[in-house]
Amino acid sequence: MREAIKQAVMELLPELAGRIYDVHPPESAVDDFFAVLQLGEDVWKSPWAGYRQVIRLKLYAGEAIVSRQLDSQAERLIQGLHRKRVTGPENRAFKLHYLGVPEADQWDSGPGRTVRVIRFGVYVPEASAGGGDPGSIVEPDEWLSALIAWTSKKLGSRWSVYRTAWPADREDHAVLWRLSGCETKMAGASVYEISKSFTGHVASTSSEHEQLTAFSLVESLGSQAQLPLDPDAGRYLSVAGISGDLEADPILNGQLKLTLIQRQMRSAQEAARIRRVHVQPILN
């Protein structure tokens, strides 16, 4: 990961080639502009996002660089690395997310340079809970599979649609659907209703593109009478409600809230034969 990030930085700022150091700058550093890359600890965020590792990129600039170029160089890194898909050793890819500048510029008296810190985050998914034992693999939820199939057809091949958790190397245009709740309630003497809640995450290369895609899904699902579950058996899902929060974090929170329902008949043995008996007295 470290070398892959260095390469991405040098592609944006070629003047940093050979001038990106690990942890802290060497005492002999004499360049007027160089950088230090620090990898922070992994912090648990959620079952679908996994852990977030903070990457701290420190830019060291001499007086001439500060007065002329530091702002534009920092902005070039922010624009070029935010949401960037980086490929590391063994073709292992990951996404960088800009997390802001945590503090004001500071003066480091050691090398005699002004220091600006820029933070990025990398989400590392939780290890899958199967342990390689086929008997421990849980069958995927068929409602979730139907929702993913519908979304893939709606958005087309440009978009990748994931289930339950983000992969570290997600594509630039991606949707994640995860099951977030379920409920069963009586709808009659011989009928019961199953409802499941899903959260949808829309991640793209810009906030505007994410919002437009999320709104498109809300509109399409809202006008969708039924989603096919098993058409051959006549099984369909009904959309009970769909809403979108276009300001929500696409990775951690998700912009879409969807509820699907299905009514099913109780078996003849379980259904009540008589729901109520009312005796009306005979009045003479």
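These exercises work through the cores, a helix pair and two backbone outliers of a predicted model.

**Exercise 1. Describe the chain as a whole: how many helices and strands are there, and what percentage of residues count as buried?**

Start with secondary structure. The chain has 5 helices and 14 strands. Next, take burial. Of its 284 residues, 38% count as buried. Finish with contact range. Take the contacts between residues at least 6 apart in sequence: 58% of them join residues at least 24 apart.

**Exercise 2. Find the largest nonpolar core and state which elements each supply at least two of its residues.**

Step one: size. The largest nonpolar core holds 26 residues. Step two: its best-connected members. Val-9, Leu-16, Phe-33, Leu-59 and Leu-96 have the most contacts inside it. Step three: the contributing elements. Helices H1 (2–12) and H3 (70–81) each supply at least two residues, as do strands E2 (33–46), E3 (50–61) and E8 (113–124). H3 gives the largest share, 5 residues.

Step four: look around one member. Setting aside neighbours within four places in sequence, Leu-16 touches Val-9, Met-10, Phe-33, Phe-34, Ala-35 and Leu-59. Step five: check for a further core. Another one, of 25 residues, lies apart from the largest core and includes Val-175, Phe-198, Leu-217 and Leu-237.

**Exercise 3. Characterise the packing of H1 against H3: what are the angle and the axis distance?**

Two quantities describe a packed helix pair: the angle between the axes and the distance between them. Here the angle is about 125°, and the axes are 10 Å apart. Now classify the angle. Roughly perpendicular covers 65 to 115 degrees, and roughly antiparallel begins over 145. The H1–H3 angle fits neither range, so H1 is oblique to H3. The crossing is right-handed.

Then list the contact residues. H1 contributes Ala-8, Val-9 and Leu-12. H3 contributes Arg-76, Leu-77, Gly-80 and Leu-81. By type, the contact of H1 with H3 has 5 nonpolar residues, 1 polar and 1 charged. Val-9 also appears among the residues with the most contacts inside the largest core.

**Exercise 4. Locate Val-23 and Arg-83, and decide for each whether the residue is buried, partly exposed or exposed.**

Take Val-23. Its phi is near 70°, a positive value in a non-glycine residue. Val-23 sits in the loop between strand E1 (20–22) and E2. Its relative accessible area is 47%, so Val-23 is partly exposed.

Take Arg-83. This residue, also not a glycine, has a positive phi of about 70°. Arg-83 belongs to the loop between H3 and strand E4 (85–87). Its relative accessibility is 14%, and buried means under 20%, so Arg-83 counts as buried.

Terms used
Residues numbered from 1 in each chain as written. Predicted model: local features only at pLDDT ≥ 70, side-chain atom pairs only at ≥ 80, totals over all residues. Heavy atoms only, no water. Core = buried A, V, L, I, M, F, W, Y, C linked by side-chain atoms within 4.5 Å. Buried < 20%, exposed > 50% of the residue type's maximum accessible area, 1.4 Å probe, protein only. Helix = DSSP H or I, 4+ residues; strand = E, 2+ residues; numbered from the N terminus. Contact = heavy atoms within 4.5 Å. Axes fitted to C-alpha atoms, helices over the stretch in contact; angles between N-to-C directions. Parallel < 35°, antiparallel > 145°, perpendicular 65-115°, else oblique. Left-handed = near helix turned anticlockwise from the far one by under 90°. Nonpolar A, V, L, I, M, F, W, Y, C, P; charged D, E, K, R; others polar.
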